[in-house]
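Subject: Structure handover

Hello,

Here is the structure for you to look at. Please open it next to the notes below.

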Amino acid sequence: MEYQIKTIGVLTSGGDAPGMNAAVRAVTRAAIYHKIRVKAIYRGYKGLIQGEVREFTTQDVSNIIQRGGTILKTARCKEFETEEGRALAYQTVVNEQIDALIVIGGNGTFTGAADFSKEFNVPVIGIPGTIDNDLWGTDQTIGYDTAMNTIMDCVDKIKDTASSHERVFFVEVMGRDAGFLALNTAIAAGAEAAIIPERRTREQQLDSYIGNGFRKSKNSSIVIVSESPETGGAQALADRLHEKHPEYDVRVSILGHLQRGGSPTAADRILASRLGVAAIEALLEEQRSVMVGIKNDEVVYVPLSKAISVRKDVHQDKVHALQMLSI
Ligand code: F6P
């Protein structure tokens, strides 16, 4: 190998996601297994710029696989979006003798990573960690499964009160501009509709929900709304429905950050563990500027540039299934 990797740096960045700790644990242990030193970088790119670095042993990652959030802390760092900020970050990489970086995060994290890798020729491997599931090239991102289960539990509870009072509930979920959380939790929770940014306008989606005759066979109803500006959010849709049908008793529930917390599900722990190991193996195979992902249950390497630029679409069969099952 012409460029031998003796030390890696690992960080979490952007919105936290359940399973990030399991990924940090896997990266640390897989690196040490391969006799590579591990430097933990705190607070994402902010910590990289400020030199918040500490060497990790296997014990530093004991007893964290079950914990939500990230023990490394995280941040959304505006400074790293500038060349000056990235130059400061590079100084830390040099000072700490870090040969390669493993970054765990989503779209923003990978955008910064791709620029940094290109400008300073530092090998970077991305691990997809976001509840939004909006990275192309991997079937799922770390945290998505846990968030879905959390949302499903919340909607189950909302259904109890919705049916008791015979109300229509608009439940807003996260996802930024992607509808994966909304669509899939609508199916899992047996909701009547999902209003997502990927399909038609919000008016068309609302009209088709109303047109489905939701009150013919049921006296309560749940609509899951993706938080995206294209859907307008739950409140805007509730107002619109109320205008058209003042006879309906409508309520709004915005689930907010509770969707990002909690102990990761088994699926997220396993995904994070596989991807952490895969990230170290990718470096040993001299992969550069790639995201490690899982496609059809196999590890894949996806160029960072592609993971962030290609739009990952929701499955049409799920849109269809939800429509069919909500009659
Ligand atoms: O990207 C994860 C996410 O939870 C999005 O779903 C949401 O739009 C955003 O982060 C919220 O960010 P913040 O925690 O900074 O308010």
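What follows is a short account of the chain as a whole, then one helix, then two arginines.

Please keep in mind that this is a predicted model.

The whole chain

The chain holds 12 helices and 11 strands. Its radius of gyration is 21 Å, and the globule rule gives 20 Å for 327 residues, so the chain is as compact as a globular protein of that length. Along the principal axes, the C-alpha atoms fill a box of roughly 70 × 35 × 35 Å.

Burial comes next. Of the 327 residues, 54% are buried. The exposed surface of the chain is about 14200 Å², with 49% of it supplied by carbon and sulfur atoms.

Contacts reach far along the sequence. Take those between residues at least 6 apart: 75% of them join residues at least 24 apart.

On charge, there are 37 positive and 41 negative side chains. The centres of the two sets lie 3 Å apart.

Helix α1

Helix α1 covers residues 20–33. Its 14 residues should span 20 Å at 1.5 Å a residue, and the end C-alpha atoms are 20 Å apart, so the two agree.

Is α1 mostly covered or mostly open? It is mostly covered, with 10 of its 14 residues buried. Among them are M20, N21, V24, V27 and T28, along with several alanines: A22, A23, A26, A30 and A31.

What covers these buried residues? The cover includes five strands, β1 (7–12), β2 (37–41), β3 (53–56), β4 (100–105) and β5 (124–128). Helix α10 (266–284) is also part of it.

After α1 comes K35, which has a positive phi, near 65°.

Two buried arginines

R86 sits in helix α3, residues 83–95. Its relative accessible area is 6%, under the 20% cut-off, so R86 counts as buried. Setting aside residues up to four places away in sequence, R86 touches three glutamates, E79, E81 and E119, and the aspartate D115. It also touches F80, F116, F120 and G112.

R199 is in a loop, between β7 (193–195) and α7 (202–211). Here the relative accessible area is 17%, again under 20%, so R199 is buried too. Beyond its neighbours within four places in sequence, R199 is in contact with Q205, D313, V314, Q316 and V319.

Those are the points to check against the model.

Best wishes

Note on methods
Residues are numbered from 1 along each chain as its sequence is written. This is a predicted model: local features need pLDDT of at least 70, side-chain atom pairs count only at pLDDT 80 or more; totals for chains, interfaces and linings use all residues. Side-chain values use heavy atoms; hydrogens and water are left out. Helices (H or I, at least four residues) and strands (E, at least two) are DSSP runs, numbered from the N terminus. The radius of gyration is taken over C-alpha atoms; the globule rule is 2.2 Å times the number of residues to the power 0.38. Buried means under 20% relative accessible area, exposed over 50%, partly exposed in between (1.4 Å probe, protein chains only). Contact means heavy atoms within 4.5 Å. Accessible areas come from the Shrake-Rupley method with a 1.4 Å probe; for residues, only the protein chains shown count as cover. Lys and Arg count as positive and Asp and Glu as negative; His and the chain ends are not counted. The place of a charge is taken as NZ of Lys, CZ of Arg, CG of Asp or CD of Glu. The expected span of a helix is 1.5 Å times one less than its number of residues.
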